[in-house]
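Biologist: I would like to take a close look at one part of this model with you, namely its aromatic rings and what surrounds them. Please go slowly, since I am still learning to read structures.

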Amino acid sequence: MRETTLEKEFLTTREKSHVSSQKRTFFGLTELFVGAAGLVILIIIICALFPQLIAPYSPTTMSQDAILQPPSLAHLFGTDQFGRDVFSLVVYGSRDSLFIGVLSVIVGGLAGGGIGALSGYLGGRIDGVLMRLIEVLMTIPGILLALAIAASLGPSLLNIVLAIAISSIPGYARVMRGQVMSIKGRSFISASHSIGVSKWKIFTSHVLPNSFSPMLVMATLGIGSAILAGSGLSFLGLGVLNEIPDWGALLSQGRGFLTVAWWICTFPGLAITLFVLSVNIIGDWLRDYLDPKKQRA
């Protein structure tokens with residue numbers, strides 16, 4: 001009987017050790033992915049901030065002797081149909097792509113977050129009117145709404161930012177409203193009301209600071225979506241019109257040479273894919289890190 005009990009204890013200890021080992025392996029891989037994603041984002045940010053220090057050629061320099069050359073030591077990503085260095089174009093193109101992603105998230109997050117916060121905290125008729133307007137916007141797919149706004153305003157950098165920001169407002173508004181309503185119903189808010197703290201003081205000092213975590217996660221994930229939307233609009237000819245194209249415009253310019261010069265589209269596409277994937281990995285990690293339930297576990 002004693003031997004059977006010892007065997008069960010041994011098996012239980014062994015199973016726990018195996019589960020613990022699996023958890024360590026999983027978290028180790030997670031940290032590896034997060035670190036790699038952070039490194040990719042850092043490299044692309046450095047490229048956007050200091051392109052002249054990284055790009056070996058000017059993005060506007062054309063050479064008739066270097067038209068449609070494949071990747072080589074002289075041109076790491078090859079050259080395009082005008083003889084421009086594709087690596088330099090990708091490096092310089094990161095500026096507008098990151099500008100579109102970050103600024104559209106800031107504008108959309110502030111506008112949507114402000115609407116959601118007021119709607120959730122004030123409630124009543126204000127909540128009803130604002131949410132009906134948000135629901136009207138939500139009936140239109142985000143990319144279609146951005147496409148319609150960009151087409152009506154015309155192709156420019158600020159117009160594409162505005163189009164993507166407006167299309168993202170409903171998502172931020174609903175998330176913020178739900179979070180504010182959840183915080184508003186907690187006991188420490190009722191206690192603040194009972195001791196005579198003003199509604200505005202409660203809103204700015206207690207409700208808003210406790211509502212930012214999900215908005216931070218959504219904004220992080222939204223940067224990748226905004227860059228994808230901006231690249232799509234640029235691909236359709238509704239994006240930035242200048243001599244240095246962004247990643248989406250590079251894809252559009254190279255699509256006619258895909259069968260003879262695959263590198264023109266491939267490397268800008270890889271830059272978009274790597275950045276969006278890295279931002280999503282960081283966003284998922286932030287969501288888990290800021291989740292109080294997982295912190296307690």
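Which residue lies over the face of Phe-235, and at what distance from the ring centre?

Modeller: This is a predicted model, and the residue you ask about is Arg-255, which lies over the face of Phe-235 at 4.9 Å from the ring centre. Phe-235 belongs to helix H9, which runs through residues 212–235. That helix has 24 residues and reaches 34 Å from its first C-alpha to its last, close to the 34 Å expected at 1.5 Å a residue. Even so, H9 has a kink of about 30 degrees, centred on Gly-222, and the helix is followed by Gly-237, whose phi is positive, near 90 degrees.

From this ring we can turn to rings that meet other rings, for the structure holds six aromatic pairs. In one of them, the ring centres of Tyr-121 and Phe-203 are 4.9 Å apart and the planes stand at 40 degrees, so this pair is tilted. Because Tyr-121 lies in helix H3 (residues 86–122) and Phe-203 in helix H8 (residues 199–207), the pair ties together parts that are 82 residues apart in sequence. Both Tyr-121 and Phe-203 are buried.

Phe-203 also forms a tilted aromatic pair with Trp-200, with 5.9 Å from centre to centre and 35 degrees between the planes. Trp-200 and Phe-203 are three residues apart in helix H8, and are therefore separated by about one helical turn. As a general point, an α-helix has 3.6 residues a turn, so residues three or four places apart point the same way. The two partners nevertheless differ in their surroundings: Trp-200 is exposed, with a relative accessible area of 62%, whereas Phe-203, at 7% relative accessibility, counts as buried.

Elsewhere, Phe-77, Phe-87, Trp-262, Trp-263 and Phe-267 form one aromatic cluster. Two members of that cluster, Phe-77 and Trp-263, are also listed among the residues with the most contacts inside the largest nonpolar core, together with Val-90, Leu-98, Trp-247 and Phe-275. This core has 31 residues, and the elements that give two or more residues to it are helix H1 (2–49), H3, helix H10 (247–254) and helix H11 (263–290). H11 gives the most, with ten residues. Apart from this core lies another, of 28 residues, among them Ala-117, Val-161, Val-180 and Ile-202. In soluble globular proteins, nonpolar side chains tend to be buried together.

If we stay with Trp-263 and leave aside its neighbours within four places in sequence, we find Trp-263 in contact with several residues, including Leu-68, Gln-69, Pro-70, Pro-71, Phe-77 and Val-86. Leu-68 deserves a moment of its own, as its phi is near 55 degrees, a positive value in a residue other than glycine. Leu-68 is found in the loop between helix H2 (51–54) and H3, and with a relative accessible area of 27% it is partly exposed.

Finally, we can set these details against the whole chain, whose secondary structure comes to twelve helices and zero strands. Of its 297 residues, 39% count as buried. Among contacts between residues at least 6 apart in sequence, 71% join residues at least 24 apart, and the pair of Tyr-121 and Phe-203, tying together parts 82 residues apart, gave us an example of a link between distant stretches of sequence.

How values were computed: Residues numbered from 1 in each chain as written. Predicted model: local features only at pLDDT ≥ 70, side-chain atom pairs only at ≥ 80, totals over all residues. Heavy atoms only, no water. Phe/Tyr/Trp six-rings, centres within 6.5 Å; stacked < 30°, edge-to-face > 60°. Helix = DSSP H or I, 4+ residues; strand = E, 2+ residues; numbered from the N terminus. Buried < 20%, exposed > 50% of the residue type's maximum accessible area, 1.4 Å probe, protein only. Lys NZ or Arg CZ within 6 Å of the ring centre and 35° of its normal. Core = buried A, V, L, I, M, F, W, Y, C linked by side-chain atoms within 4.5 Å. Contact = heavy atoms within 4.5 Å. Expected span 1.5 Å × (residues − 1). Bend = angle between axes of the 7 residues up to and from the residue.
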